[in-house]
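Here's a quick tour of a protein with a ligand bound to it. Have the sequence and the 3D view open, and click on each residue as you go.

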Amino acid sequence: MKNINPTTTAAWKELQAHYEEIKDKHLTDLFKNDKRAEDFSILWDTFYVDYSKNRITQETMTLLLKLAQEVGLQEGIESFFGGKKINATEGRAVMHTALRDESDNAFAKAEVDSVKKSIQTFTEKVISGAHKGATGKEITDVVNIGIGGSDLGPVMVVEALQYYKTRLNTHFISNVDGDHVMETIKDLDPETTLFVIVSKTFTTQETLSNATTVRKWFVDKVGEDAVKNHFVAVSTNAEAIANFGISQDNVFPMWNWVGGRFSLWSSVGLSIALAVGYDNFKGLLHGAFKMDEHFKNTPFEKNLPVIIALLSVWYNNFFKVETEAVIPYSQYLHRLPAYLQQAIMESNGKSVDRNGERVSYETGNIIWGEPGTNSQHAFFQLIHQGTKLIPADFIGFKKSLHGEKSHHDKLMANFFAQTEALMNGKTKDQVIAELQAGGLSPEAIKELASFKVFEGNKPTTTILGEALTPESLGALVAMYEHKIFVQGVIWNIYSFDQWGVELGKQLAKQVLSDMDNDKMTSHDSSTRTLLERYKL
Ligand code: F6P
């Protein structure tokens, strides 16, 4: 991988000058060129991605693509897929793409295929009822116990693919909040429940505490001997699993070359395969594989992950926007923004470059969002009329899964209308004309008009898919994964480590031991007083 400060490239400097030229240009004016939708769109597989409602010109894209060349993106992609140790601070390759690679010479193919086979065999047994609980009953409920990448990917996909659900009910316990644990298990029948403990390291405090509490609850009710029929684990840490009391036969392995937040394609996806069936899990992987091939082999100017990453760099580093919204117009995708928060912010929330130096430019953006149309009635006011510029991805599908055409037309009418409204806004003249037509007096119009003006010029990218299927979801998620990679290359940071979560973990351990001790270790006056009040 090249190691280049992006701000030293010729393209960066040209982009800076170019930004000064176009920063005040209005999208409505840019659209006077009617070829814009054609110029700035990509049709790939079942997706049509329109990025013409972004504050760009041909020159912007030429310069952004030049930036990608100058920082060595092509070489970066080759290192990534070639299994180089691009996660240098942990000395690891980043090979989650191997988990969905369908080619004959895929990395670690034999091991990956064998784990997939065991996932298939096990999930089919549970779904068919052949795998019984210890008292001879069929499994009806599955509880995934994990956090971060061992929770967010599975829960996002299981929610997204509810339409494809098997007869099993899936639940998720992630927070160390005991109320979350108890609330989840209170109505479950331990005799018909399967617990899937997911932790790459098997050292995560939350997961181990939750798993221990659940195991105790289970043993109290059904007995120790029953554990083998009801507890399975997904991890790289065989020893810790054995210590926890789960036998080797019930372990689904994963590998260090799969990062937690990129792991839903691995055994971490066991709950997904249980929830929607192995064939649908395979479909998810297939969609991701197709996106990997597209990313690897497509010229950058037609390459979806590259284009969306460059647009994000454009806003983040030149317009200096702080946040990006992801608005799925599908209730099924309600956990996608939360999933992307970890994927994107844990990856690119870095302030030190690949030389270990403090960066002098902005890196990871803040990701947030909620499904439309609900979000229109919540935070869209701020996107339309607030002072902040918030580029947004709008994700929608042509078909409704349940075939509710009239609902779907309304949903999608909002989807299209919002991006148009955000782009064009409404001028004062338009507002005045409307108010006059409504019969308002000149005085009333004068008082009201400015509040009703929409500046517009708010950028959006529209991602329009055919239908939400396992395959299209896989492709969508892989697209965002690769966006993360491209941005990491441009910002010259290590996207695949996460040292920033360690300090809080260490301090939490210290604080926990202080709760039990009469004498506290040293804390600042605020933390000490808070702790004292908690202990009262
Ligand atoms: O939040 C830090 C983190 O290490 C994530 O990267 C990871 O997904 C999560 O904790 C859970 O880790 P594990 O799967 O090892 O329990």
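Start with the rings: Trp12, Tyr19, Trp314, Tyr315, Phe318, Phe319 and Tyr361 come together as one aromatic cluster. Keep in mind that what you're looking at is a predicted model. Across the structure there are 33 aromatic pairs, and a couple of them are worth zooming in on.

**Aromatic rings**

- Take Trp314 and Phe319, both members of that cluster. Their rings meet edge-to-face, with 5.4 Å from centre to centre and 85 degrees between the planes.
- Are these two residues buried or exposed? Trp314 is buried, and Phe319 is buried too.
- Now swing over to Tyr329 and Phe394, a stacked pair with centres 5.6 Å apart and planes at 20 degrees to each other.
- That stacked pair ties together distant parts of the chain, since its partners sit 65 residues apart. Tyr329 is in the loop that runs between strand 8 (323-328) and helix 15 (336-348), while Phe394 belongs to strand 10 (residues 392-397).
- Why does Tyr329 count as buried? Its relative accessible area is 1%, and buried means anything under 20%.
- Phe394 is buried as well, because its relative accessibility is 0%.

**Charges over rings**

- Arg100 lies over the face of Trp265, 4.5 Å from the centre of the ring.
- Arg215 does something along those lines with Phe244: its charged end sits over the ring, 5.7 Å from the centre.

**Around the ligand**

- Which residues come nearest to the ligand? Out of the 13 residues around the ligand, they are Ser150, Ser199, Thr201, Thr204 and Glu346.
- The side chain of Ser199 has an N or O atom 2.6 Å from an oxygen atom of the ligand.
- For Thr204, a polar side-chain atom is 2.5 Å away from a ligand oxygen.
- Gln342 joins in too, with an N or O atom of its side chain 3.3 Å from an oxygen atom of the ligand.
- On its own, the ligand has 390 Å² of accessible area, and the protein covers 87% of that.

**The whole chain**

- Zoom out and you can count 22 helices and 11 strands in the protein chain.
- How compact is the chain? Its radius of gyration is 25 Å, close to the 24 Å that the globule rule gives for 536 residues, so the chain is as compact as a globular protein of that length.
- If you draw a box along the principal axes, the C-alpha atoms fill roughly 80 × 55 × 55 Å.
- Of the 536 residues in the chain, 52% are buried.

**Two more residues to find**

- Lys350 is in the loop between helix 15 and strand 9 (366-368). Lys350 counts as buried because its relative accessibility is 14%.
- A polar atom in the Lys350 side chain is 2.8 Å from the backbone oxygen of Asp497.
- Glu532 is part of helix 22 (residues 525-535). With a relative accessible area of 42%, Glu532 is partly exposed.
- Glu532 and Met520 are 12 residues apart in sequence, and their C-alpha atoms are 9.4 Å apart in space.

Key:
Residues numbered from 1 in each chain as written. Predicted model: local features only at pLDDT ≥ 70, side-chain atom pairs only at ≥ 80, totals over all residues. Heavy atoms only, no water. Phe/Tyr/Trp six-rings, centres within 6.5 Å; stacked < 30°, edge-to-face > 60°. Buried < 20%, exposed > 50% of the residue type's maximum accessible area, 1.4 Å probe, protein only. Helix = DSSP H or I, 4+ residues; strand = E, 2+ residues; numbered from the N terminus. Lys NZ or Arg CZ within 6 Å of the ring centre and 35° of its normal. Near = heavy atom within 4 Å. Polar contact = N/O pair within 3.5 Å; in protein donor to acceptor, adjacent residues only side chain to side chain. Areas by Shrake-Rupley, 256 points an atom, 1.4 Å probe, with all protein chains shown as cover. Rg over C-alpha atoms; globule rule 2.2 N^0.38 Å.
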